[in-house]
Amino acid sequence: MNNRQILHAGNFADVLKHAALVRIVAHLKENDTAFRVVDTHAGAGLYDLTSDEVQEAGEWHSGIGRLLEASLPADADRLLEPYLSIIRTLNPDSTLSCYPGSPILVRELFRKQDRLSAIELHPQDGAALKSLFDGDYQTRVTALDGWLALGAHLPPKEQRGVVLVDPPFEAEGEYDRLVDGLARAYGRWPSGLYCLWYPIRDGAPIAAFHRKLRALGVANLLCAELHVCDAKETNRLSGSGVIFVNMPTALEDELAVLLPALEVCLAQTPQSHHSVFRIGESD
Ligand code: SAM
């Protein structure tokens, strides 16, 4: 496995995914009943942004670095506050030296009844994650193929919660694996919330991916995409998207506030754009 996730920590794609994830957890907390977050590709948990290679890659500067400095519209600011306040608490000095991954972000928001299943296959990242959560009775870190967890770990005993599927997209066929993974997971747990991340770059099979998702017949498929430039303008990532399943309608309203604000803040060229739409309706 070629794991270079640390180079991408805090980039514009992380910002979209993590801002949305924090909103989902905020909605789950509106009800007192316990919920579980299943993070199938959990990463190392906490990323040191100070190393030479991360500084050189510089991706966080155009992601979380920009967002922290931005002057946001009040409604977007309010929605982003729980996410940004975790990052500010982790970085009490004015310089950003570490960035939290999805397991830390959700765990910071938990009440005592909520639980996290964090799955990570990479031995080094898995060990780092395990040591971060050592002794935490609310979190279980497992070294397992995350795709398998979409079968074996669902539904969770709480019968409430969200499954984050955030693969590295280093191997061929990851878009199809996302579709197959959702089909399997949804078959086992149709009332679960799902949050699936995917990258957008020139030539990526996004239209086919959406078509295959639509063909699953899963109700309530929502998609948010943020393109920081046109795909033809770069040979790197030009955007990213998140597929949401079974989300409360309030989240759709929040995405309609967040995406324009994130675009203004994270755009890299005038060709940036965003969209929030239901797959099967306007796709
Ligand atoms: N979800 C994390 C976050 O938001 O902070 C980031 C995850 S990163 C994009 C993808 C992670 O998946 C990497 O840490 C990689 O080691 C891990 N990974 C790759 N293949 C995996 C697999 N089959 N099962 C579980 N984890 C895997």
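Mentor: Let's start with contact: two residues touch when they have heavy atoms within 4.5 Å of each other. Keep in mind that this model is predicted.

Trainee: Okay, which residues does leucine 67 touch, not counting residues up to four places away in sequence?

Mentor: Leucine 67 reaches Val15, Leu72, Leu80, Tyr83, Leu84, Leu262 and Cys265, with residues up to four places away in sequence left out. Now zoom out to the largest nonpolar core, which has 94 residues. Leu67 is among those touching the most other members, along with Ile64, Tyr83, Tyr194, Tyr198, Ile243 and Phe244. The largest share of this core comes from α2, with eleven residues.

Trainee: How many disulfides does the structure hold?

Mentor: A disulfide covalently links the sulfur atoms of two cysteines. Here there are zero. Cysteine 195 is 11 Å from the nearest cysteine sulfur, the one in cysteine 223.

Trainee: And why is cysteine 265 without a bond?

Mentor: Because its closest cysteine sulfur, in cysteine 229, is 15 Å away, too far for a bond. Cysteine 265 also counts as buried, at 10% relative accessibility, and cysteine 195 is buried with a relative accessible area of 1%.

Trainee: On to pockets. What lines the largest pocket?

Mentor: The largest pocket holds about 1,100 Å³ of space. It is lined by 48 residues, and the closest to its centre are Gln5, His8, Pro167, Pro168 and Glu170. By class, the lining has 18 nonpolar, 17 polar and 13 charged residues.

Trainee: Which element gives the largest share of that lining?

Mentor: α2, with five residues. Elements that supply at least two residues each include α8 (146-152), α9 (174-188) and β7 (193-200).

Technical notes. Residues are numbered from 1 along each chain as its sequence is written. This is a predicted model: local features need pLDDT of at least 70, side-chain atom pairs count only at pLDDT 80 or more; totals for chains, interfaces and linings use all residues. Side-chain values use heavy atoms; hydrogens and water are left out. On a 1 Å grid over the protein atoms alone, a cavity is a set of points where a 1.4 Å probe fits but cannot get out, and a pocket is an open set with protein on both sides within 12 Å along at least five of seven lines; lining residues have an atom within 4 Å of a point. Grid points are joined across faces, edges and corners, and a volume is the space filled by probe spheres set on the points. Helices (H or I, at least four residues) and strands (E, at least two) are DSSP runs, numbered from the N terminus. Ala, Val, Leu, Ile, Met, Phe, Trp, Tyr, Cys and Pro count as nonpolar, Asp, Glu, Lys and Arg as charged, and the others, Gly among them, as polar. A nonpolar core is a set of buried Ala, Val, Leu, Ile, Met, Phe, Trp, Tyr and Cys residues joined through side-chain atoms within 4.5 Å. Buried means under 20% relative accessible area, exposed over 50%, partly exposed in between (1.4 Å probe, protein chains only). A disulfide is a pair of cysteine sulfur atoms within 2.5 Å.
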